[in-house]
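Me: I would like to go through the labels attached to this model and see what each one rests on. Please set each value against its cut-off.

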Amino acid sequence: MEINKVTKEQSDFSVKINYGLEGAYFTESKICKVDGVNGKLYYRGYSIEELASHSNFEEVSFLLLNGKLPRKDELEEFSANLKKERELPKEIVHIIKNITKKEDPMHILRTAVSALSAYDPEADVNTKEANMRKSIRLISKMASITAAIGRFKTEKEYIAPDNSLGHSANFLYMLHGNKPSEKEIKIFDRMLLLHAEHSSNASTFSVLVTGSTLSDIYSAITSGIGTLKGPLHGEADENALRMLYEIKSPDNAERYINDALSGKQRIMGFGHRVYKTYDPRARVIRETLEEIKSSSPEVKNLVDISFKIETMMIEKLGRSHGIWPNVDFFSGPVYTYLGVPIELFTPVFAVSRVSGWCSHLLEYWENNRLIRPLDYYTGELDLKYPK
Ligand code: ACO
């Protein structure tokens, strides 16, 4: 009793709790720099603007995984390996089809990715080379799984991959059943590139927590998918678009936002744990809105509402509270332009982020240490069991 008392007093004096691990460092990494003060983002030293202008998702995936941009022959080999891994085992297609009616797409994706290990003879081989092969498998197959979910959700048949197409073009083909235009491929590919990596965000951290027990890559990525699903993380893009539909017209935006804020509601697609300024990814996606806004009356209306909310939110909470648009705010109109249904937004986020997840896991395993933080116990002690 006495000992506990002393320990508690000492702890009160020395323990500083970082709720939500805010501001806490747990490892070093050479993969990604998020500069939340200046609104800058770098993958392996390259700014996101530089990569969005000159690179593509396949090349960026190689960069994240290998730490350097590929030579031409290395990129060709990487792309060929992605193509080889696209087809899904028929059992996985059955699983997706069987649970489509009952389940939300993120549950289906999580279940299908978890089940993939049963069809991978290397599932529990934890060598560096096997983990690199499994990363490529996951990047490739998660796109096929997500396209299949999209097909079955609209009661259409699964479409086999087309290996004449690149990763992004093939995803759109497997989802829609027709070949996308160059403009659509470029815009979708840029979305994947922008979402591919973001340092130790909640889902990446959860991938590393699972991986740090020396569990396997399928278990770790399954954890990441479960974590990405939350409305405070990956699902915010879906909810941001639902909000635009609820608002209906730019004329209603002011009243809607005022009511929401006075009711203490959070506006989805705004605010970030690290960025206290404009998210640089949101800036790039905002430029895309300018490119697509005249494509249809529906897209134009969504873009107009978005711009109105953006102006209001920056005035009300931007400069004063550091709550600015994040990557999820402008995504909805872009995916609407691409014909990606709203319930696939978060799975598409995972299709992209899997490159970052795998890269962090491979890096962490180079110098693995079990992740096991402490909580500060505030309950009772030495209670007597009732007799
Ligand atoms: N709208 C209105 N107010 C907000 C918002 C928002 N989007 N975000 C934060 N705030 C307010 C909070 O209500 C809180 O106010 P209070 O101090 O008066 O209570 C204050 O800002 C601080 O908020 P916290 O939740 O402590 O800040 P945190 O760093 O934990 O928040 C988060 C980060 C969770 C992303 C938050 O901004 C949020 O909920 N945003 C909406 C969801 C969203 O867009 N998520 C996607 C993030 S990006 C990504 O994961 C890909």
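Me: How much space lies in the second largest pocket, and what makes a residue part of its lining?

Reply: In this predicted model, the second largest pocket holds about 480 Å³ of space. A residue belongs to the lining if it has an atom within 4 Å of a pocket point. The lining has 21 residues, and L65, N66, M132, I136 and L362 are the ones nearest the centre of the pocket. Two or more lining residues come from each of α3 (57–66), α4, α7 and α17. Helix α7 gives the largest share, six residues.

Me: How is the lining of the second largest pocket divided by class?

Reply: Eleven of its residues are charged, six are nonpolar and four are polar. Asp, Glu, Lys and Arg are the residues that count as charged.

Me: Why is the contact between E76 and K72 called a salt bridge?

Reply: The closest N and O atoms of E76 and K72 are 3.1 Å apart. The cut-off is 4 Å between a Lys or Arg side-chain nitrogen and an Asp or Glu carboxyl oxygen, so the pair qualifies. E76 and K72 are four residues apart in helix α4 (residues 72–84), and therefore about one helical turn separates them.

Me: Why do E76 and K72 get unlike exposure labels?

Reply: E76 has a relative accessible area of 46% and is therefore partly exposed, since that label covers values between the 20% and 50% limits. K72 stands at 65%, so it counts as exposed.

Me: What makes K128 and E366 a salt bridge, and where do they lie?

Reply: Their N to O distance is 3.6 Å, which is within the 4 Å limit. The pair links distant parts of the chain, 238 residues apart: K128 is in helix α7 (residues 128–153), and E366 is in the segment after α17 (345–365). Both residues are called exposed because K128 has 56% relative accessibility and E366 has 53%, and the label requires over 50%.

Me: How do you know whether D279 and R281 are buried or exposed?

Reply: D279 has 1% relative accessibility and R281 has 2%. Buried means under 20%, so D279 is buried and R281 is buried. D279 and R281 also form a salt bridge, with the closest N and O atoms 2.7 Å apart.

Me: How many salt bridges are there by this rule, and which residues are linked in a network?

Reply: The count is 22. The network links E85, D120, E122, R133, R137 and K141 through salt bridges.

Me: Which residues make the nonpolar surface patch, and how do you know that V15 is accessible enough for it?

Reply: V15, I17 and Y19 make the patch, which covers about 320 Å². Patch residues need over 30% relative accessible area; V15 has 40%, so it passes and counts as partly exposed. V15 lies in the loop between α1 (2–14) and β1 (32–35).

Me: What is noted about phi at K248 and K264?

Reply: K248 has a positive phi of about 70 degrees and is not a glycine. K264, also a residue other than glycine, has a positive phi near 60 degrees. K248 sits in the loop between α12 (236–247) and α13 (250–262), while K264 sits in the loop between α13 and α14 (280–292).

Me: Why are K248 and K264 called exposed?

Reply: The label needs over 50% relative accessible area. K248 has 61% and K264 has 78%, so K248 is exposed and K264 is exposed.

Methods:
Residues are numbered from 1 along each chain as its sequence is written. This is a predicted model: local features need pLDDT of at least 70, side-chain atom pairs count only at pLDDT 80 or more; totals for chains, interfaces and linings use all residues. Side-chain values use heavy atoms; hydrogens and water are left out. Patches are made of residues with over 30% relative accessible area and no salt bridge: like charges are joined within 9 Å, nonpolar side chains (Val, Leu, Ile, Met, Phe, Trp, Tyr) within 5 Å. Accessible areas come from the Shrake-Rupley method with a 1.4 Å probe; for residues, only the protein chains shown count as cover. Buried means under 20% relative accessible area, exposed over 50%, partly exposed in between (1.4 Å probe, protein chains only). On a 1 Å grid over the protein atoms alone, a cavity is a set of points where a 1.4 Å probe fits but cannot get out, and a pocket is an open set with protein on both sides within 12 Å along at least five of seven lines; lining residues have an atom within 4 Å of a point. Grid points are joined across faces, edges and corners, and a volume is the space filled by probe spheres set on the points.
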